[in-house]
Amino acid sequence: MNGGVSLSGSEEELKIYFTDFDGKFKARLGRVVATSETSSEEFGTSSPYTCRVLAEYDRELMRLIDSGMLLAVRNFKTKEAGKNRYTLMEILRFWPEHFGLRGLKDYQYYPLQFEVIEQSVGDWETSDKSTMIIQISAIPINYDLVTGENHVFGYERGFSYPVVGERVYILNKEMIKDMYNRKVLEKMGFSSEETSSNPWKDPRLGTIKMFEASAENIPIYVDYDSLVRYHFGIFAFTGGGKSNMLSNILRRLLIHTPDTKVVIFDISCEYPFLLMDLFADKRIPSKIILEHKAGNAREFYNSIVKPKLFEDDPRVIKGMEKIFSQNKVTHYVQELMRIPTFREFLDSIALLKSENQNRLNYVEALNEVEILTAKYMIEKGYIETDEIDREFVNKLVAAAPSIVTSYKIHEKSGLYGWFETRQRMTRYFLETEIDTSGGLTTEDIQELVEGETRLISITISDPPTIKQIVIDLTQNILAQRKREFKVKPYILFVWDEAQEFVANPANVSGIDRQCSTEVERLLRQGRKYGLGGCIATQRIAHLNTSALQQLHTYFVSTLPRPYDRGLISNTFMIDKNILEKTLEFTPGDWLLSSYIATGLANVPIYIRADNAEEEIEKFLEKV
Ligand SMILES: Nc1ncnc2c1ncn2[C@@H]1O[C@H](COP(=O)(O)OP(=O)(O)O)[C@@H](O)[C@H]1O
Ligand SMILES: [Mg+2]
C-alpha cells in the first residue's frame with residue numbers, strides 16, 4: 001500500500017461520507033469468499049459471501065474500530081458518470097496479525113518460539129506497517145450507497161459485488177446518524193441538539209455502540225407507531241436485560257406518543273416496580289391489577305417483586321404508597337357467571353362426543369361422564385332444567401383423573417385439557433362466597449382499555465388465571481375493534497416471560513393451547529385494527545412459530561443455545577455470524593433489527609440501551 005490511500009485532495013469530498021480516523025484507517029478489500037452454505041434449518045442463514053479487508057496497522061486503530069461499523073467498497077455496478085456505487089458491509093470482527101508470529105510453528109525449538117513471541121510484544125506498541133497488519137472480516141448488508149454530485153446520496157436495496165483490491169471506507173458518524181435516525185425523527189417530529197438518557201427529554205432507546213471509543217454518543221431512535229403496530233420481540237437469556245429494555249421502551253412510548261395504550265401481562269409481578277415512576281405520575285392514568293385485594297400499601301408492596309438491590313430499600317414502600325394513595329391499585333375478580341343447567345352440561349358433553357367421534361375410547365370416556373351425571377341427578381331428584389351444584393362439580397373433578405387414565409386419553413389432546421380444567425367449573429359458585437367489591441372483571445378491564453387509562457399492568461402470577469384473562473381480553477378487544485372499524489388509539493399488549501403464553505400449540509393442550517392461539521390471532525389480525533404485541537422471552541425454541549413470524553422488529557441479546565440463535569437467524573433473516581456476536585454482550589447490549597421501525601429496513605445494529613433502573617433511582621431519590 002502507498003501514501004495515496006488516505007482521504008486527501010480531490011477526495012476531500014469523501015469526508016462527507018466516510019471517516020479514516022484522521023488518516024489512521026487505510027485499507028483495501030483483500031478477498032471475497034463465497035459462502036458454501038447460505039441457509040441451514042438448524043443453524044440459520046448467512047449472507048452469500050464474506051469479505052476480508054486488510055488495514056495498515058495502527059495501535060490507535062485497534063481501539064477505534066468496532067464490530068458493527070459499516071464499510072463501503074466501490075462495486076461493479078458503478079457506471080454512470082458523476083455517480084459512485086458502494087457495496088455496504090458490516091464489520092463482524094477484526095484482529096491484529098504479526099508477520100513474525102505467523103512463521104512460528106509448533107515443531108520449532110521452544111526457546112526459539114519464546115524468543116520470537118517476546119520480541120513481538122514491543123512491536124505492537126509501534127506503528128511498524130511492515131510486520132503488522134489488521135485483518136477485518138465483514139459481510140454485505142444488501143444495500144448500496146449511491147453518491148452523486150453536490151453531495152446527493154441515497155441507499156438502494158439489492159445484491160452487489162464489491163471490487164476486490166478497491167479501497168475500503170468506513171461510514172462516518174453523521175452518515176450512521178442519518179441512516180438510522182433521520183426518517184424516524186422526521187416522522188416523530190422530534191429534534192434536539194443534545195442527546196440524553198432522560199426519557200422525558202429524549203425519546204431515544206439508548207446509543208449506537210460503534211464510535212463509542214471516539215467518545216461520541218450517537219442516539220438510536222425507533223418509530224414507536226410502527227414498533228407497536230407491527231409487533232416486536234425481545235430475546236435474551238434470564239438476566240440479559242429483557243424486562244429492563246421493555247420498561248425502557250414502555251416508558252418512552254407513554255411519554256412520547258400522545259395516546260398509545262399499554263397492557264402488560266405481568267406474570268412475574270415486576271412491572272409495578274419497574275414502572276413505578278410512571279404509576280406514581282398523576283398525569284398518566286394507570287391501573288395495577290393484582291391477584292388478590294391489597295388492603296393497604298404494605299400489602300401491595302408485599303405482592304410485587306423487587307430487584308435484589310432494592311429489596312431492603314425503605315424508599316420503595318414510600319413509592320408504593322404514592323401509587324396506592326391514587327387508587328391505582330385494584331384486584332381481579334372473575335366474572336359472575338350464570339350457573340348452567342344439567343341439560344346445558346349434557347349438551348356440551350354431546351358436542352365433545354361428536355368432536356371426538358373418531359376415537360372410540362374418548363367417546364366411551366364421555367359416556368362415563370354422562371352416566372355419572374345421570375346417577376347424580378337420580379340420587380338427588382334433579383331434572384334436566386335444574387342448575388348443577390357444587391357437589392356435582394366436586395364429584396366430576398374427583399372422577400376425572402381415573403377416567404383419563406382408564407380410557408388412555410392422550411396428554412396432548414383437547415379432551416385431556418377439558419378433564420384437567422373441570423376445577424374451573426367451581427367459579428360458577430364463587431358469587432356468594434367471595435367479596436367482589438372493588439375488584440375488576442375482565443369486562444371492566446376492557447372498559448379501562450377503551451377509556452382514558454393508558455397503562456395497565458395485570459400483575460398476576462397464577463398461570464391459569466392470567467392466561468384466561470389473556471384469552472378473554474384479546475378476544476373481546478379484537479372483536480370490539482372490528483365492530484367499530486377503529487385503528488386508534490393504538491393498544492400494545494405486552495407478554496413478558498412469553499413462553500408462558502405462546503408455547504408451540506402442538507406441544508400443549510387446554511388453556512395453554514388456547515392462550516397461544518389467541519395471542520397468535522391478535523398478532524395476525526391486530527395490525528389492521530391498531531392492536532400491537534410484544535413478546536419477550538429467554539427461549540424461543542418451543543414457541544409458536546407462526547406468532548413469532550408476525551414480529552417486525554427484534555431486540556436480541558445473548559442467547560446461549562445455538563438452536564435458539566439459528567431459529568432467530570432463520571425466522572428474521574439475520575446473518576448467523578452477526579448473532580454470534582451477541583455471545584459477547586453484557587446486560588443492556590442489544591442487536592436491533594427491524595423491517596419497519598428503524599431508518600433502514602433489516603440492517604442489524606448493535607446498541608447500548610439506557611438503564612431503566614436509573615429512572616427508578618431518580619424517582620426514589622425524590623420520594
Ligand atoms: N440497559 C442496562 N444497563 C445496565 N444494566 C442493565 C441494563 N439492562 C439490564 N441490566 C442489568 O441486568 C439485570 C437483569 O435485567 P432484567 O431486565 O431483569 O433481565 P431479564 O428480564 O432478561 O431477566 C438488571 O437488574 C440490571 O442490573
Ligand atoms: Mg425479566
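Here are four short exercises with worked solutions on this predicted model.

**Exercise 1. Domains**

Find how the chain is divided into domains, then look at where domain 2 and domain 3 touch.

*Solution.* Start with the bounds: domain 1 covers 3-171, domain 2 covers 224-335 + 436-622, and domain 3 covers 342-419. Next, take the distance: the C-alpha centres of domain 2 and domain 3 are 38 Å apart. Then turn to the contact itself, to which domain 2 gives 4 residues and domain 3 gives 6 residues. Finally, sort the domain 2 side by class: 1 residue is nonpolar, 2 are polar and 1 is charged.

**Exercise 2. The shell around ligand 1**

Which residues come nearest to ligand 1, and which helix gives the most to its shell?

*Solution.* Begin with the 14 residues around the ligand; those that come nearest are Gly241, Lys242, Asn244, Gly588 and Asn611. Now ask about the helices: H6, residues 242-256, gives the most to the shell, with 3 residues. To finish, split the shell by class, which yields 4 nonpolar, 8 polar and 2 charged residues.

**Exercise 3. Helices H16 and H17**

Are H16 and H17 roughly parallel or roughly antiparallel to each other, and what is the hand of their crossing?

*Solution.* First locate the pair: H16 spans residues 463-484 and H17 spans residues 510-526. Their packing angle is about 30 degrees, and 9 Å separates the axes. An angle under 35 degrees counts as roughly parallel, so H16 and H17 are roughly parallel to each other. The hand comes next: H16 and H17 cross in a left-handed way. Now pick out the residues that meet. On the H16 side they include Pro464, Val470, Ile471 and Leu478, and on the H17 side they include Ile511, Cys515, Val519 and Leu522. Counted by class, this contact holds 8 nonpolar, 6 polar and 2 charged residues.

**Exercise 4. Helices H15 and H16**

Now try the other partner of H16: at what angle does H15 cross it, and which residues meet?

*Solution.* H15 is made of residues 442-450, and the axes of H15 and H16 come within 10 Å, crossing at roughly 50 degrees. That angle makes H15 oblique to H16. The crossing of this pair is right-handed. For the contact, look at Thr442, Ile445, Gln446 and Val449 in H15; they meet Ile469, Asp472, Leu473, Asn476 and Ile477 in H16. Sorting these by class gives 5 nonpolar, 3 polar and 1 charged.

Conventions:
Residues are numbered from 1 along each chain as its sequence is written. Chains are lettered from A and ligands numbered from 1 in the order in which they are written. This is a predicted model: local features need pLDDT of at least 70, side-chain atom pairs count only at pLDDT 80 or more; totals for chains, interfaces and linings use all residues. Domain bounds come from an automatic or database domain assignment. Two residues are in contact if their C-beta atoms, placed from the backbone, lie within 7 Å. Ala, Val, Leu, Ile, Met, Phe, Trp, Tyr, Cys and Pro count as nonpolar, Asp, Glu, Lys and Arg as charged, and the others, Gly among them, as polar. A residue is near a molecule or strand if its C-beta atom, placed from the backbone, lies within 6 Å of it. Helices (H or I, at least four residues) and strands (E, at least two) are DSSP runs, numbered from the N terminus. Axes are lines fitted to C-alpha atoms, for helices over the stretch in contact, and angles run from 0 to 180 degrees between N-to-C directions. Angles under 35 degrees count as roughly parallel, over 145 as roughly antiparallel, 65 to 115 as roughly perpendicular and the rest as oblique. A crossing is left-handed if the near helix is turned anticlockwise from the far one by less than a right angle, and right-handed if clockwise.
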